[in-house]
Amino acid sequence: MTTKTLFEKIRDREIPATIVYEDDEFIAFKDIKPAAKVHVLIVPKKPYPTLEAVEMNDQMQLRLLQLARRLAKELGVSDNYKLHLNVGDKVQAVPHLHLHLLGGFDKETPTAL
Ligand code: AMP
């Protein structure tokens, strides 16, 4: 029996989260420790451990980016957001592919990237 990732447990409603979007392929929910006014994680339901586990030609990658743009619009930050994707266990806390959508920055607040 394989152990579920944290994000699979959220997907399966075993751990609570504020879900902002869901379809057959993806789930998106608010980050528990937001680093911006808007901070959601967009997660493929299939638990790829990292981006590098995805086949190079897998169109899921395109759909992930399209969904990020759609959610940025729906969350009112389409002119003010960043996408952040950590790859590998040295920089990735949760070994289940996820795209950070961070938005709603102030001009006055400097950001690291
Ligand atoms: P990363 O370092 O890219 O793997 O980011 C993992 C993210 O998951 C961090 O920004 C955490 O704040 C977030 N996180 C951890 N646990 C939860 C949770 N239970 N619900 C929502 N977000 C979480």
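Leu67 touches Tyr21, Phe26 and Ile42, not counting residues up to four places away in sequence. These contacts come from a predicted model. Leu67 is found in helix α2, and with a relative accessible area of 6% it is buried, because buried means under 20%. Pro34 is 33 residues from Leu67 along the chain, and the C-alpha atoms of the two are separated by 20 Å.

The helix that holds Leu67 can be taken next. Helix α2 covers residues 60-74, which makes 15 residues. At 1.5 Å a residue it should span 21 Å, and its end C-alpha atoms are 20 Å apart, so the two values agree. Which residues of α2 are buried? They are Met60, Leu64, Leu67, Ala68, Leu71 and Ala72. Around the axis these residues cover an arc of only 140°, and therefore they sit on the same side of α2. An α-helix has 3.6 residues a turn, so residues three or four places apart point the same way. Arg69 and Lys73, on the other side of α2, are exposed.

What do the buried residues of α2 pack against? Their partners are the strands β1 (19-22), β2 (26-30), β3 (38-44), β4 (81-84) and β5 (99-103). After the helix comes Gly76, which has a positive phi, near 80°.

A positive phi also appears at Arg13, with a value of about 60°, although Arg13 is not a glycine. Most residues other than glycine have a negative phi. Arg13 is placed in the loop between α1 and β1.

The loop between β4 and β5 holds two residues to look at, Val94 and His98. Is Val94 buried or exposed? Its relative accessibility is 14%, so Val94 counts as buried. Leaving aside neighbours within four places in sequence, Val94 is in contact with Leu6 and Phe7. Thr5 is 89 residues away from Val94 along the chain, yet their C-alpha atoms are separated by 7.5 Å.

His98 counts as buried because its relative accessibility is 5%. With neighbours within four places in sequence left aside, the contacts of His98 are Phe7, Leu41, Ile42, Val43, His84, Leu85 and Gln92. Among them, Ile42 is also touched by Leu67, and Phe7 is also in contact with Val94. Glu108 is 10 residues from His98 along the chain, and the C-alpha atoms of these two are separated by 28 Å.

The last part of the tour is the largest pocket, with a volume of about 320 Å³. It is lined by 19 residues, of which Leu6, Phe7, Asp31, Ile32 and Leu41 are the closest to its centre. Two elements, α1 (6-11) and β2, give two or more residues to the lining. The element that gives the most is α1, with 3 residues. By class, the lining is made up of 12 nonpolar, 5 polar and 2 charged residues. Some names from the loop between β4 and β5 return here: Phe7 and Leu41, both among the residues closest to the centre of the pocket, are contacts of His98, while Leu6, also in that closest group, is a contact of Val94.

Conventions. Residues numbered from 1 in each chain as written. Predicted model: local features only at pLDDT ≥ 70, side-chain atom pairs only at ≥ 80, totals over all residues. Heavy atoms only, no water. Helix = DSSP H or I, 4+ residues; strand = E, 2+ residues; numbered from the N terminus. Expected span 1.5 Å × (residues − 1). Buried < 20%, exposed > 50% of the residue type's maximum accessible area, 1.4 Å probe, protein only. Arc of directions from axis to C-beta. Contact = heavy atoms within 4.5 Å. 1 Å grid on protein atoms, 1.4 Å probe; cavity = no way out; pocket = protein on both sides within 12 Å on 5 of 7 lines; lining within 4 Å. Points joined across faces, edges and corners; volume = space filled by probe spheres on them. Nonpolar A, V, L, I, M, F, W, Y, C, P; charged D, E, K, R; others polar.
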